[in-house]
Amino acid sequence: MMAAFSVARSSCGLINGLRVSFRSLAPVKHGAVAAAALQTSLLPDCRRYSVGHLSVKERIDMKRKAALVGGGQKRIDAQHKRGKLTARERVELLLDPESFVESDMFVEHRCSDFGMEQDRNKFPGDSVVTGRGRINGRLVYVFSQDFTVFGGSLSGAHAQKICKIMDQAMTVGAPVIGLNDSGGARIQEGVESLAGYADIFLRNVLASGVVPQISLIMGPCAGGAVYSPALTDFTFMVKDTSYLFITGPDVVKSVTNEDVTQEELGGAKTHTTVSGVAHHAFENDVDALLNMREFFNFLPLSNQDPSPIRACHDPSDRLVTSLDTIVPFETTKAYDMLDIIHAIVDERDFFEIMPSYAKNIVVGFARMNGRTVGIVGNQPKVASGCLDINSSVKGARFVRFCDAFNIPIITFVDVPGFLPGTAQEYGGIIRHGAKLLYAFAEATVPKITIITRKAYGGAYDVMSSKHLRGDVNYAWPSAEVAVMGAKGAVQIIFRGKENQAEAEAEYVEKFANPFPAAVRGFVDDIIEPATTRKKICRDLEVLASKKQVNPWKKHANIPL
Amino acid sequence: TFDKILIANRGEIACRVIKTCQKMGIKSVAVHSDVDASAVHVKMADEAVCVGPAPTSKSYLNMDAIMDAIRSTGAQAVHPGYGFLSENKEFAKRLAAEGVTFIGPDTHAIMAMGDKIESKLIAKAAKVNTIPGFDGVVETADDAVKIAQQIGYPVMIKASAGGGGKGMRIAWNDEETREGFRFSSQEAASSFGDDRLLIEKYIDNPRHIEIQVLADKHGNALWLNERECSIQRRNQKVVEEAPSTFLDSVTRRAMGEQAVQLAKAVQYSSAGTVEFLVDSKKNFYFLEMNTRLQVEHPITECITGLDLVEQMIRVAKGYKLLHKQEDIPINGWAIESRVYAEDPYKSFGLPSIGRLSQYQEPLNLSNVRVDSGIQEGSDISIYYDPMISKLVTYGATRAEALSKMEDALDNYVIRGVTHNIPLLREIITHPRFISGDISTNFLPEVYPDGFKGHQLEVGNRRELLASAAALYITAQLRSQKVLGNLRKTCWRLILQTSTVEVDGGKVEVSGQWNLASTLLPLTINGTDRMLQFKVRVLSKLAAELNSYMPEKVAEDTSSILRSPMPGSVVAVSVKPGDTVAEGQEICVIEAMKMQNSLTAAKQAKVKKVHCKPGETVGEGDLLVELE
């Protein structure tokens with residue numbers, strides 16, 4: 001058949017067989033058990049409520065039905081018109097078919113001011129859908145804010161529902177995924193709403209490093225609400241339909257007199273390229289949710305679990321011959337670190353985190369022989385791969401996530417140093433650069449480092465060097481470990497010497513190769529690039545049983 | 001023969017020559033530009049010398065540097081390959097002056113045949129059929145028009161010094177003649193440093209059939225049968241075969257004998273090719289003689305069993321030919337597909353560049369020969385020809401060779417650059433091609449609106465959907481196979497065969513599902529197929545919900561002009577504020593030695609010009625904005 005076909009959408013008939021098989025693997029039915037129990041114990045005419053003619057069973061059914069349509073068909077249609085899915089559709093798509101077990105379907109808000117107590121202002125479940133389910137059979141807790149009910153605004157009840165599943169996720173050790181689509185606080189509830197936010201924030205903080213927390217922003221998320229996603233491990237956004245900001249364009253205009261659109265202020269593009277608040281942006285709801293499933297596959301369920309190992313079809317001893325020629329002869333010439341990463345990892349499958357922000361460092365998840373690993377690499381293609389404020393912070397946060405969740409870290413080094421300049425110094429490159437150093441030093445997960453070319457100056461130390469407890473440190477034959485490049489070094493060492501070119505040649509001969517580091521044992525071996533995959537896979541097997549503990553402390557004090 | 005040969009070329013032809021050197025026990029020297037330092041031909045050679053920076057005029061055409069390389073390595077002979085210095089009389093002279101053997105014909109033959117006008121006079125004298133309406137050198141556009149009118153339209157305009165189809169344009173009226181004159185003289189100047197032009201009668205609907213000749217320095221010459229090279233796009237060959245389906249033995253002999261007459265008339269030695277145009281009545285006309293090894297020489301090697309490079313080296317050393325005309329067989333059938341890094345959906349192929357992130361030649365199949373000079377990880381740059389490889393298959397019969405070609409194309413993995421395999425596969429499976437009903441107009445006739453990709457039939461579509469679904473299920477099942485997963489015990493069963501229902505029909509798909517492999521061999525309803533997938537499958541639910549997803553608004557392309565390929569800007573014909581008519585030229589982009597005129601899609605005022613002459617632009621770069 002032909003090469004490179006692309007089938008955009010499967011026709012309906014062909015997935016039926018597949019659905020049958022899913023059913024057999026995830027036979028969890030939601031709600032049905034509880035309903036059945038109620039049916040037998042309560043006879044229809046046993047008790048009557050103020051609604052008079054309705055039995056409890058009928059009322060249960062009615063409430064359930066009402067909960068399923070949220071704010072009603074009209075608002076659902078409006079949601080669809082905006083190119084957004086409803087809270088329930090999102091949950092259904094995110095989780096394995098029929099695996100969702102909902103909780104708190106009957107919870108209603110408790111506000112009695114401003115006419116909120118009226119029946120027509122009560123919605124079973126209020127403005128959020130919560131529960132648990134499975135992604136590829138693995139347990140996950142989910143909340144999905146319902147924009148069709150009071151614009152998804154956060155009431156005390158809404159917050160309480162979220163807190164409940166977060167507490168449970170912590171007790172059993174399963175990740176929490178939040179699907180955010182909320183106009184903000186429920187203004188009618190006042191401080192109760194604010195208290196609700198704080199309750200969530202507290203849980204975000206307590207859960208941090210215990211279970212992975214992921215936020216997917218699928219609509220507005222403004223004001224205090226933004227701090228919940230900010231506290232979670234990953235924040236993903238949907239292009240064109242999601243916004244994150246502390247204050248909206250109107251307030252901005254009145255305070256600073258800046259004219260700015262919602263999209264410019266807090267759209268997906270802003271946060272994935274300028275602010276670094278979001279880790280990735282997806283085309284639309286469907287794309288985002290399907291990607292979330294893929295992303296989830298990389299993660300362990302909690303800090304008690306090892307890095308997940310999936311069945312792997314890519315031979316662990318595969319030689320990658322294209323790597324032998326990837327590093328150009330001229331040290332000033334760029335190449336794409338992603339080419340190296342894609343070629344080495346299983347099936348070229350690399351989930352990049354923050355691909356459009358601080359592009360001089362590349363971070364993301366991949367698998368080696370089926371096992372999830374975190375990849376950190378300097379990107380020579382952008383700003384020569386130097387470390388600056390943004391790349392240091394981006395790298396540091398990623399390394400700390402990996403360390404918290406037992407994910408081995410593989411670091412590819414080609415770094416000419418830290419970026420000089422007043423902008424960087426005034427911006428605090430010293431304390432921000434220290435974050436990356438801190439993160440690598442503190443990490444106790446398996447750490448494998450490959451120096452592909454330059455490892456200059458302090459940046460050499462930072463990038464998961466042997467000195468920061470790197471478990472296995474390799475150098476490619478093209479590696480150069482030195483305090484600085486030849487030109488600068490010669491100007492200092494041979495100041496005043498006439499023949500600078502000769503001195504430079506001498507320096508290059510001495511330092512522009514992997515030997516100075518290798519003879520001191522600072523790299524464990526000089527390896528042929530083609531064998532890199534094979535070697536990393538083998539080392540990871542060995543390091544699987546690595547045990548390393550940092551000294552007892554209440555908590556460390558990372559330079560923030 | 002020689003002890004050491006320098007190959008003044010790059011890419012697949014350099015590798016090809018080095019292979020024969022190795023076979024003959026001759027040491028080889030490669031030359032390379034700095035960007036080619038880790039190229040395959042450099043690695044294959046015993047020695048390598050850098051002859052300059054990336055642009056060909058500073059490296060592979062840099063005679064001084066190449067002469068230095070010859071001296072420093074002590075090479076006794078030079079094989080020029082094709083292109084570059086292969087038909088450069090100056091180079092041949094300089095080699096002769098230093099006593100270095102040029103592996104090719106003598107200088108006088110290169111000179112005689114290199115000049116289109118002189119070559120035709122010689123051909124006429126040697127009683128070779130020549131094209132009617134043949135004329136001389138052109139000075140101005142008005143002269144060009146005059147000449148064209150004398151010959152009668154249509155006429156063909158090209159650079160006198162250039163080989164192949166590069167710089168060749170066809171004019172049907174005065175205006176097109178002027179335009180053709182302008183382009184051809186520019187191209188002639190930039191590519192050959194010689195702006196002489198040639199205008200001649202254009203034969204409509206011709207076949208391009210060429211005769212391979214081989215001659216020694218002792219007056220012996222052979223013809224090694226023909227190659228049919230009619231499948232061309234923009235006068236560049238795409239698919240070639242030997243022998244031709246069109247020639248009978250009488251015509252073949254007549255063509256062969258005329259070719260040999262011509263070779264003898266110029267005291268030709270070495271391998272050469274005499275190109276003919278053949279009309280529907282099997283009248284044939286001399287087109288030109290290429291005094292070098294041709295790109296498509298492998299198919300002649302396949303059917304005759306000769307190693308042409310070896311023969312060239314022997315002849316250059318002064319040995320007599322080993323064979324007699326009656327020893328030259330036609331054994332079976334050979335087809336060559338030129339695999340290019342280009343986008344076949346734009347004018348049957350506009351250059352594409354990039355890094356070959358994955359590359360796998362179909363060498364697992366028998367009777368397949370792949371001549372290439374690149375490997376996984378190689379860069380296809382704007383500096384050189386975008387050819388990836390020559391894929392040659394052979395068989396006892398044409399049908400066998402064709403079916404092998406189909407398999408070979410299916411098994412060929414190229415990722416990272418856009419390539420023309422979809423077009424090649426369409427050509428070799430097209431009923432007209434299979435029946436041999438072809439001409440040089442094959443592509444524009446078969447695809448008048450351009451190549452749109454393979455049009456799937458219902459059955460194929462169903463099979464493909466079924467395979468995609470089965471692949472999706474395999475991937476989904478694999479996602480569940482996570483160590484420590486609560487439900488892993490449920491997943492003992494590994495999917496081998498699955499029955500998929502598509503639009504009411506049942507399709508059975510089975511295979512070894514290796515999700516890491518680029519090639520997916522499947523058995524679909526009992527037929528073996530080789531698939532390469534890049535597929536996105538949505539579950540029923542996702543597909544339903546996807547219907548709510550808004551279409552992203554595409555940018556209005558009628559008011560912006562983007563570069564269709566990477567290259568350099570030669571000329572910008574407009575400035576902001578100008579009003580352009582629909583179809584008016586806006587700028588000219590040169591890529592891989594080819595000039596492409598970009599025109600306005602509508603009448604409009606020029607809003608902004610984002611490029612200037614001399615600039616390098618990438619594919620999709622914004623050039624000009626219209627209002």
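Let's start with contacts in chain B of this predicted model. Take the contacts between residues at least 6 apart in sequence: 64% of them join residues at least 24 apart. The secondary structure of chain B comes to 17 helices and 34 strands.

How does the radius of gyration of chain B fit a compact globule? For 627 residues, such a globule would have a value near 25 Å, and chain B has 27 Å, so the two agree. If you'd like the outline along the principal axes, the C-alpha trace spans about 85 × 65 × 55 Å.

Now, inside and outside. Of the 627 residues in chain B, 58% are buried. The chain exposes about 24800 Å², and carbon and sulfur atoms supply 48% of that area. As for charge, chain B has 72 positive and 79 negative charges, and their mean positions are 4 Å apart.

Let's zoom in on one helix, α1 of chain B, which covers residues 11-24. What span should we expect from its 14 residues? At 1.5 Å a residue, the answer is 20 Å, and the end C-alpha atoms are 20 Å apart, so the helix agrees with the expectation.

Is this helix mostly covered or mostly open? Mostly covered: 10 of its 14 residues are buried. Follow along in the sequence and you'll find a buried run from B:Gly11, B:Glu12, B:Ile13 and B:Ala14 through B:Cys15, B:Arg16, B:Val17 and B:Ile18. B:Thr20 and B:Cys21 are buried too.

One last stop, just after α1(B): there B:Gly25 takes a positive phi of about 75 degrees. Thanks, everyone, and do have a look at that spot on the screen!

Definitions and conventions. Residues numbered from 1 in each chain as written. Chains lettered and ligands numbered in written order. Predicted model: local features only at pLDDT ≥ 70, side-chain atom pairs only at ≥ 80, totals over all residues. Heavy atoms only, no water. Helix = DSSP H or I, 4+ residues; strand = E, 2+ residues; numbered from the N terminus. Expected span 1.5 Å × (residues − 1). Buried < 20%, exposed > 50% of the residue type's maximum accessible area, 1.4 Å probe, protein only. Rg over C-alpha atoms; globule rule 2.2 N^0.38 Å. Contact = heavy atoms within 4.5 Å. Areas by Shrake-Rupley, 256 points an atom, 1.4 Å probe, with all protein chains shown as cover. Lys, Arg positive; Asp, Glu negative; His and termini not counted. Charge placed at Lys NZ, Arg CZ, Asp CG, Glu CD.
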